[in-house]
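Visitor: Could you walk me through this one? I would like to go contact by contact and then step back.
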Protein chains: 2
Amino acid sequence: MPTVSRVLNGSKYVAPDLAQRVNEAVQALGYRPNGAARSMRSGRRTLVSVLAGATANYGYARTLQGVETAARRAGMSVSITVVESGEDEHVRAAIDLTLAQPTAGVIVLEFDRAGINAAKALPEGLPVVVAGGGSRRTGQVPAALIDERAAGRQATEYLLHLGHRTVHHIAGPTEGKHSGRTDGWRAALTAAGAPAPQIMRADWDASAGYRWGERIAGMSDVTAVFCANDDIALGLMRALSDRGIDVPRDISVIGFDDQPLVALWRPSLTTVDQDFEDLGARAFGLLSQVIGGEPDAASSVKAPQLVVRESTAPPKG
Amino acid sequence: MPTVSRVLNGSKYVAPDLAQRVNEAVQALGYRPNGAARSMRSGRRTLVSVLAGATANYGYARTLQGVETAARRAGMSVSITVVESGEDEHVRAAIDLTLAQPTAGVIVLEFDRAGINAAKALPEGLPVVVAGGGSRRTGQVPAALIDERAAGRQATEYLLHLGHRTVHHIAGPTEGKHSGRTDGWRAALTAAGAPAPQIMRADWDASAGYRWGERIAGMSDVTAVFCANDDIALGLMRALSDRGIDVPRDISVIGFDDQPLVALWRPSLTTVDQDFEDLGARAFGLLSQVIGGEPDAASSVKAPQLVVRESTAPPKG
DNA sequence: CTGAAAGCGCTTACAG
DNA sequence: CTGAAAGCGCTTACAG
């Protein structure tokens, strides 16, 4: 049995012919070492857990994909547990479920309240890394980040440079002053001396954007809108279109995410490209460092790119 | 120690006050049982593995979501491993990685060649269930299915009933005669005595649809196109629109999936609604039965729904 | 280079 | 109701 173990784990101190025979037997019997026993005895763990407020939404799914790819290449598996909401009860249930597995470490997607609260509630002493949209790490755990603030500022400045007096903003549901996108939007307005209109709040989906579109259609002072994500922007554009308002001639619209389909829209959407796969890969790399005991696992920040398409133009008149 | 175990596992034979003290100590120390040791000793496994050719694409992500939700409610975690392609090497690597974890069972997403081959290569004796788009189970393992054939037939019949002489079809990449969508399309044409045009093949993404759109714009005999998924349909519609061809007046288009955004498109897309979340939930339920040793875990089939919107109309003239 | 022995952290009969 | 003892299936020093 120790010999089998040595062969399977590639120890060098095994006679070639013995190793050969072991391998044949393993093949013939379809033997697979019991992962639980293996991890218990060796202390080596090969499961990485992702904790997230959702899985199927574009950004979540892509980040998860980035984690999975990086983990697989490193020989590790990834488990996923959804945190249903930011409520204590849901946060605790998700953490309990995750930690019932022999996990090597946890990656938390801090894209929403559920993720933020989960990151806070995780016990000490466990390798943890967060992935999110800040411009610098917030807690004590290392973070892989996308600088939403810079992107929000850039998008807003672009509209201002086109000649718009100000830029309206439809923010996401859980965003307060802590949303990077909203922060960047406000900073750009302040820097330009432009008035800051009331923030419009919406859920992340297109129907929320559509409802705001119905109202914006009746507001004569709106010439440019920066939306917190692409779905909201698309819903908004459809509502405006349904009311005979032309984008971008009457109103310019910018989204956030750069989902694949928004380039096909008519008009195609100007938006901010977030590289979620890269975010997931960076988060995994960081977690590997933490698991490996590297003392100075450094947080990383990347700036997303503004992608200019057809939905933005100078104001008319 | 046995007492602690009994308290944590809710055995009734523990004095209330002792249980109380144990719970307090557990709280204070932040003690969590080692999952590996637990699963090894008890033989109970709480990890379900999903094997899939992708994770972020709409159908995959939604099915995964369905699995995760159902698993979580049953107190189980889910791991995800991507099978990079249908090549032996990738299939084997993915299976090895998955089975290195102490998994209770495997759900294979048979949405593509990678998934189909993975299902075939899984060793005997392991609880396995497949989820896919057939109308009946194909192998010996139980399956949760969506009846794509019926849907493909229904979509095609709908176009025929509108008065189209025939219906063109853009199929997905790996689809041969075994694609339910394509089978259903052909069956409808045959039943109606309509001529079956050459199948057009495309990758699953919008750009593939766009390229076919460029060619179809030059084909005078095309009045209706049934696309294997929504992305292809949207790419096609954009290409037609770019060439001044009106959908649905000049050409009718039907997609497959009913992604959230296609209802917002202009024109909104007639498509087939597949309930992927339900598919994932059914797959997990089936796997639970298999794990539980139920002898007659029955495959389930559901029919997707045709959703009629603006992209389809009678042929002109 | 290769076996016998110990032990990872739990749970489960087993005695009391 | 509650401890002492065995054992799940591996890996890792330890002798040889």
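Guide: Let us start with one contact, bearing in mind that this is a predicted model: a backbone N or O atom of A15(B) lies 2.7 Å from a phosphate oxygen of DNA strand D.

Visitor: Which other residues have a polar atom close to a phosphate oxygen of DNA strand D?
Guide: R44(A) is one of them, with an N or O atom of its side chain 2.8 Å from a phosphate oxygen of the strand. From the other chain, T3(B) places a polar side-chain atom 3.3 Å from a phosphate oxygen of DNA strand D.

Visitor: How many residues surround DNA strand D, and which are the closest?
Guide: There are 24 residues around DNA strand D, and the closest of them are S5(A), R38(A) and R44(A) from chain A, with A15(B) and R41(B) from chain B. On the DNA side, sugar and phosphate make up 59% of the atoms of DNA strand D that come within 4 Å of the protein.

Visitor: Which helices build that surface?
Guide: In chain A, α1 (2-8) and α3 (35-42) each give at least two residues to the surface near DNA strand D, and α1 (2-8) and α3 (35-42) of chain B do so as well. The largest share is that of α3(A), which contributes 5 residues.

Visitor: And how do the residues divide by class?
Guide: The surface near DNA strand D holds 12 nonpolar, 5 polar and 7 charged residues.

Visitor: OK, on to the other strand. What surrounds DNA strand C?
Guide: DNA strand C is surrounded by 24 residues, of which A15(A), R41(A), S5(B), R38(B) and R44(B) are the closest. Sugar and phosphate account for 60% of the atoms of this strand that come within 4 Å of the protein. As for the helices, α1 and α3 of chain A and α1 and α3 of chain B each supply at least two residues of the surface near DNA strand C, and α3(B) gives the most, with 5 residues. By class, that surface divides into 12 nonpolar, 5 polar and 7 charged residues.

Visitor: Which residues have a polar atom close to a base nitrogen of DNA strand C?
Guide: One is R6(A), where an N or O atom in the side chain is 2.9 Å from a base nitrogen of DNA strand C. Another is A37(B), and here a polar backbone atom is 3.5 Å from a base nitrogen of the strand. On the phosphate side, T3(A) has a polar side-chain atom 3.3 Å from a phosphate oxygen of DNA strand C.

Visitor: What rotation superposes chain A on chain B?
Guide: A rotation of 180° with 0.0 Å of shift along its axis places chain A on chain B, with an RMSD of 0.0 Å. That is the relation of a two-fold axis. Among the residues of chain A, S79(A) comes closest to this rotation axis, its C-alpha lying at 1.9 Å.

Visitor: Why do the copies meet through the same surface?
Guide: Because 100% of the interface residues of chain A are also interface residues in chain B, the copies meet through the same surface.

Visitor: Changing topic, how much space lies in the second largest pocket, and what lines it?
Guide: The second largest pocket holds about 750 Å³ of space. It is lined by 21 residues, and those closest to its centre are Q27(A), Y31(A) and R32(A) from chain A, together with R92(B) and D96(B) from chain B. Among the helices, α2 (16-29) of chain A and α5 (88-99) and α6 (113-121) of chain B each supply at least two lining residues, and the largest share, 6 residues, comes from α5(B). By class, the lining of this pocket has 10 nonpolar, 6 polar and 5 charged residues.

Visitor: Last topic, the backbone. Where are the cis peptide bonds?
Guide: In chain A a cis peptide bond joins R266(A) and P267(A), with omega about 0°, and P267(A) sits in the loop between β9 (252-254) and β10 (271-273) of that chain. In chain B a cis bond joins R266(B) and P267(B), again with omega about 0°, and P267(B) is in the loop between β9 (252-254) and β10 (271-273) of chain B.

Visitor: What is phi of D257(A), and where is that residue?
Guide: Phi of D257(A) is near 135°, a positive value in a residue other than glycine. D257(A) is placed in the loop between β9 and β10 of chain A.

How values were computed
Residues are numbered from 1 along each chain as its sequence is written. Chains are lettered from A and ligands numbered from 1 in the order in which they are written. This is a predicted model: local features need pLDDT of at least 70, side-chain atom pairs count only at pLDDT 80 or more; totals for chains, interfaces and linings use all residues. Side-chain values use heavy atoms; hydrogens and water are left out. On a 1 Å grid over the protein atoms alone, a cavity is a set of points where a 1.4 Å probe fits but cannot get out, and a pocket is an open set with protein on both sides within 12 Å along at least five of seven lines; lining residues have an atom within 4 Å of a point. Grid points are joined across faces, edges and corners, and a volume is the space filled by probe spheres set on the points. Helices (H or I, at least four residues) and strands (E, at least two) are DSSP runs, numbered from the N terminus. Ala, Val, Leu, Ile, Met, Phe, Trp, Tyr, Cys and Pro count as nonpolar, Asp, Glu, Lys and Arg as charged, and the others, Gly among them, as polar. Copies are superposed by least squares on the C-alpha atoms of residues with pLDDT of at least 70 in both. Contact means heavy atoms within 4.5 Å. A residue is near a molecule or strand if one of its heavy atoms lies within 4 Å of it. A polar contact is a pair of N or O atoms within 3.5 Å; within protein, one must be able to donate a hydrogen and the other to accept it, and residues adjacent in sequence count only if both atoms are side-chain atoms.
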